[in-house]
Amino acid sequence: MFWQKHKKHVETKPYDANRQTPAIRASICTGEQVAGFLDKENGKFEEAMLVRGAADLQEFCTRYGVKQEDIKKVW
């Protein structure tokens, strides 16, 4: 009752492949990586999820239907 784990509902927005490019924004100082989408028109980055390892990156790819080789890395 009180100690049961509740699964969080993760809302995923579909991305427009014509307007956005899948990308990982990485920090040079801390090494933190955030997966999201880079707008082709204005360069704005929209965060989707935090990437802590290979499993998180694979989850991002399956959730949004992108390939790892299509993901651009932004510093």
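The questions and answers below walk through some aromatic pairs, the nonpolar core and a few contacts of this predicted model.

Visitor: How are the rings of F37 and F60 arranged: stacked, edge-to-face or tilted?
Guide: The structure holds 4 aromatic pairs, and one of them is formed by F37 and F60, whose ring centres lie 5.6 Å apart. Planes under 30 degrees apart would count as stacked and planes over 60 as edge-to-face. The planes of F37 and F60 stand at 35°, so this pair is tilted.

Visitor: How many residues apart in the chain are F37 and F60?
Guide: The pair joins distant parts of the chain, since F37 belongs to strand β2, which covers residues 33-39, while F60 belongs to helix α1, which covers residues 54-64. Counted along the sequence, the separation of F37 and F60 is 23 residues.

Visitor: Is F37 buried or exposed?
Guide: A residue counts as buried when its relative accessible area is under 20%. For F37 the relative accessible area is 3%, and its partner F60 has a value of 0%, which also counts as buried. By this cut-off, then, F37 is buried.

Visitor: Which arrangement do the rings of F37 and Y64 have?
Guide: Here the ring centres are 5.0 Å apart, and the pair ties strand β2 to helix α1, because F37 lies in the strand and Y64 in the helix, 27 residues apart in sequence. Y64 is buried too, with a relative accessible area of 13%. The planes of the two rings stand at 75°, and since an angle over 60 counts as edge-to-face, the arrangement of F37 and Y64 is edge-to-face.

Visitor: Which element supplies the largest share of the largest nonpolar core?
Guide: This core has 11 residues in all, including F37, F60 and Y64. At least two residues come from each of β2, β3 (45-51) and α1. The largest share, 4 residues, is supplied by α1.

Visitor: Which residues does V51 contact, leaving aside neighbours within four places in sequence?
Guide: V51 is itself a member of the largest nonpolar core, as are A35 and L57. With its neighbours within four places in sequence set aside, the residues in contact with V51 are Q33, V34, A35, D56 and L57.

Visitor: Which residues does D39 touch, not counting those up to four places away in sequence?
Guide: D39 has its place in strand β2, and with a relative accessibility of 13% this residue counts as buried. When residues up to four places away in sequence are not counted, D39 touches R19, Q20 and K44.

Conventions. Residues numbered from 1 in each chain as written. Predicted model: local features only at pLDDT ≥ 70, side-chain atom pairs only at ≥ 80, totals over all residues. Heavy atoms only, no water. Phe/Tyr/Trp six-rings, centres within 6.5 Å; stacked < 30°, edge-to-face > 60°. Buried < 20%, exposed > 50% of the residue type's maximum accessible area, 1.4 Å probe, protein only. Core = buried A, V, L, I, M, F, W, Y, C linked by side-chain atoms within 4.5 Å. Contact = heavy atoms within 4.5 Å.
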